[in-house]
Every structure is written in C-alpha cells, then in structure tokens.
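Here is a short briefing to read alongside the model. Have the sequence and the coordinates open, and let's walk through them topic by topic.

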Amino acid sequence: RGDMKVRGKDNFVQWGAKADAELYGARFSTKEIADQFKDCLADVVSKLNPKVDTATSKKATSAELRIRVHLPAKQSTVVAVPQNFTMLKLLCLICDRRHLNPRNH
C-alpha cells in the first residue's frame, strides 16, 4: 500500500498506515535483527501493489493482493490475501501451508 510506513529505532520496528489508524510493532533481541526485519518489511511494502492484474489472475479479486514469498531451499509460493492482511497472518499462513515453524522465520 502506498501509505504504509516502516520505521525502526534501536531494537524496535513499527509499521502501519496512518490512513487506517493501525500501527503494528515488534521488539527484537538485537538491533541487528530489528534492522534485518525492517529492511525486509520495507522491501515487501515497496513491492506491494494494490491493483491486481486480472489478466494473470482470475482468482484474485480487486480487494486482494497477490504476494510472492521466497521460502527456504530456493522455493517460493504465491498467495492471494486481502489488502488488510497483517504480516503476522501472512507468515502464519505460509508456514502452516509449508509445514514450517513460524518462530524460525
């Protein structure tokens, strides 16, 4: 989403959209891990596009986003999720489908 902001300070990362009045945050054990998460999340946010290409996806509706997620062992998966889907829900969904432990990712 274009209005999504990702910020970090020390070992805390905050993200959300002011227009939705929803902010999320996570505290990490080290600043290095927080910076890695912030960079990864910022990269994902920059690639999200709320417009769905209906020519390539008949299943996705205009209220959904199609997101490609890179997995371990050089695998990837594409999921259609609602625009207001949180990163935590996405992580849990992918890990559940691929039988991965979300705590490890």
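Thr77 is a good place to begin in this predicted model: the residue sits in strand β5, which spans residues 75-82. Is Thr77 buried or exposed? Thr77 is buried, because its relative accessible area is 14%, and the cut-off for buried is under 20%. Setting aside neighbours within four places in sequence, Thr77 is in contact with Ile67, Arg68, Val69, Leu71, Ile94 and Arg98.

**Strands β4 and β5**

- Strand β4 covers residues 64-71, and β4 pairs with β5 in the antiparallel sense over eight bridges.
- One of the residues of β4, Arg66, has Ala80 in β5 as its bridge partner.
- The two strands form a hairpin with three residues between them, and in this hairpin Ala73 takes a positive phi near 60 degrees.
- Which residues of β4 make up its covered face? They are Leu65, Ile67, Val69 and Leu71, while Glu64, Arg66, Arg68 and His70 make up the uncovered one.
- Three residues of that covered face, Ile67, Val69 and Leu71, appear among the contacts of Thr77. Arg68, from the uncovered face, is also in contact with Thr77.

**The three-stranded sheet**

- Strands β1, β2 and β3 form an open sheet in the order β1-β2-β3, with antiparallel pairing.
- Why do β1 and β3 each have one side without a neighbour in the sheet? Strands β1 (4-9) and β3 (22-27) stand at the edges, and each has a single partner strand, so one side of each is left without a neighbour in the sheet.
- From one strand to the next, the twist averages 15 degrees.
- Strands β1 and β2 pair in the antiparallel sense over six bridges, and Lys5 stands opposite Gly16 in β2.
- These two strands make a hairpin with two residues between them, and Asp10 in the turn has a positive phi of about 55 degrees.
- On the other side of the pairing, β2 (residues 12-17) and β3 are joined in the antiparallel sense over six bridges.
- Two cross-strand positions help to place the register of β2 and β3: Gln14 stands opposite Gly25 in β3, and Val13 stands opposite Ala26 in β3.

**Helix α1 and its salt bridge**

- How many salt bridges does the structure hold? The structure holds one salt bridge.
- The side chains of Asp35 and Lys31 meet in a salt bridge, at 3.0 Å from N to O.
- In general terms, side chains of opposite charge can pair when their charged atoms come close.
- Both Asp35 and Lys31 lie in helix α1 (residues 31-47), four residues apart, which is about one turn of the helix.
- Asp35 counts as partly exposed, because its relative accessibility is 26%.
- Lys31 also counts as partly exposed, because its relative accessibility is 45%.

**Helix α2 and Met87**

- Met87 is found in helix α2, which runs over residues 87-97.
- With a relative accessibility of 28%, Met87 counts as partly exposed.
- Leaving out neighbours within four places in sequence, Met87 is in contact with Trp15, Leu41 and Val44.
- Trp15 falls in β2 (residues 12-17), whereas Leu41 and Val44 fall in helix α1 (residues 31-47).
- Met87 and Val44 are 43 residues apart in sequence, and their C-alpha atoms are 9.8 Å apart in space.

**Cysteines**

- A search of the whole structure finds zero disulfides.
- Cys92 is in no disulfide, and the nearest cysteine sulfur, that of Cys95, is 6.9 Å away. The two sulfurs therefore do not qualify as a disulfide, since the pair would have to be within 2.5 Å.
- Cys92 counts as partly exposed, because its relative accessibility is 36%.

**The chain as a whole**

- The secondary structure comes to two helices and five strands, and along the sequence the pattern reads β-β-β-α-β-β-α.
- Of the 105 residues of the protein chain, 22% count as buried, and Thr77 is one of the buried residues.
- Among contacts between residues at least 6 apart in sequence, 20% join residues at least 24 apart.
- The accessible surface of the protein chain is about 7700 Å², and 52% of that surface belongs to carbon and sulfur atoms.

Methods
Residues are numbered from 1 along each chain as its sequence is written. This is a predicted model: local features need pLDDT of at least 70, side-chain atom pairs count only at pLDDT 80 or more; totals for chains, interfaces and linings use all residues. Side-chain values use heavy atoms; hydrogens and water are left out. Buried means under 20% relative accessible area, exposed over 50%, partly exposed in between (1.4 Å probe, protein chains only). Contact means heavy atoms within 4.5 Å. Two strands pair if DSSP finds at least two bridges between them. Axes are lines fitted to C-alpha atoms, for helices over the stretch in contact, and angles run from 0 to 180 degrees between N-to-C directions. Accessible areas come from the Shrake-Rupley method with a 1.4 Å probe; for residues, only the protein chains shown count as cover. A salt bridge is a side-chain nitrogen of Lys or Arg within 4 Å of a carboxyl oxygen of Asp or Glu.
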